[in-house]
Amino acid sequence: MDGKTITLILTAPDRPQTRIECDSVRFSVPDGVKKKNAGGGVGIRRGHADALMAVSPGRVLALLDGKPVFSCAVGGGLAAVTGESVSILTDRYEAQSGQA
């Protein structure tokens, strides 16, 4: 790792783990109970505070220098975020554009 990138780690029960080096990761989080806390898209970069987030079904996008390097559809799950990685545990994911 060059000190500027983070690692996106995708894990699903029926697939081998996928690891992508990138400089940012985007995914969606759900609305809170009774829409008290609005959901929406989040973006994670290196150095982000540690967090545990619910992930909405939808698209996960990894970027490097502003360009997509990986994209997949997930069925929802959990994301564990550290300053150096984003680990997404999901029930399923499908890589797009012939990736992983």
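This note comments on a buried aspartate, the nonpolar core and the strand pairing in a predicted model.

1. Asp 23 sits in the loop that links strand E2 (15-22) to strand E3 (24-29). Its surroundings include charged residues: among the residues that Asp 23 touches, beyond those up to four places away in sequence, are Lys 4, Arg 45, Arg 46 and Asp 65. Ile 6, Ile 44, Leu 63 and Leu 64 are also among these contacts.

2. Although buried, Asp 23 has no salt bridge. The nearest side chain of opposite charge is that of Arg 45, at 4.5 Å; a salt bridge is counted only within 4 Å, so this pair does not qualify. A polar atom of the Asp 23 side chain does lie 2.8 Å from the backbone nitrogen of Asp 65.

3. The largest nonpolar core comprises 22 residues, and Leu 8, Leu 10, Val 25, Phe 27, Val 60, Val 86 and Ile 88 have the most contacts inside it. Elements giving two or more residues to this core include E2, E3, strand E5 (51-55) and strand E7 (67-74). The most comes from E1, with four residues.

4. Ile 88 merits separate inspection. Its contacts, leaving aside residues up to four places away in sequence, include Leu 8, Leu 10, Phe 27, Val 55, Val 60 and Leu 78.

5. E9 pairs with two strands considered here. E1 and E9 run parallel and are joined by five bridges, with Leu 8 opposite Val 86 in E9. E8 and E9 are antiparallel, also over five bridges, and form a hairpin with three residues between them. Val 81 likewise stands opposite Val 86 in E9.

Conventions
Residues numbered from 1 in each chain as written. Predicted model: local features only at pLDDT ≥ 70, side-chain atom pairs only at ≥ 80, totals over all residues. Heavy atoms only, no water. Buried < 20%, exposed > 50% of the residue type's maximum accessible area, 1.4 Å probe, protein only. Lys, Arg positive; Asp, Glu negative; His and termini not counted. Polar contact = N/O pair within 3.5 Å; in protein donor to acceptor, adjacent residues only side chain to side chain. Contact = heavy atoms within 4.5 Å. Core = buried A, V, L, I, M, F, W, Y, C linked by side-chain atoms within 4.5 Å. Pairing = 2+ DSSP bridges.
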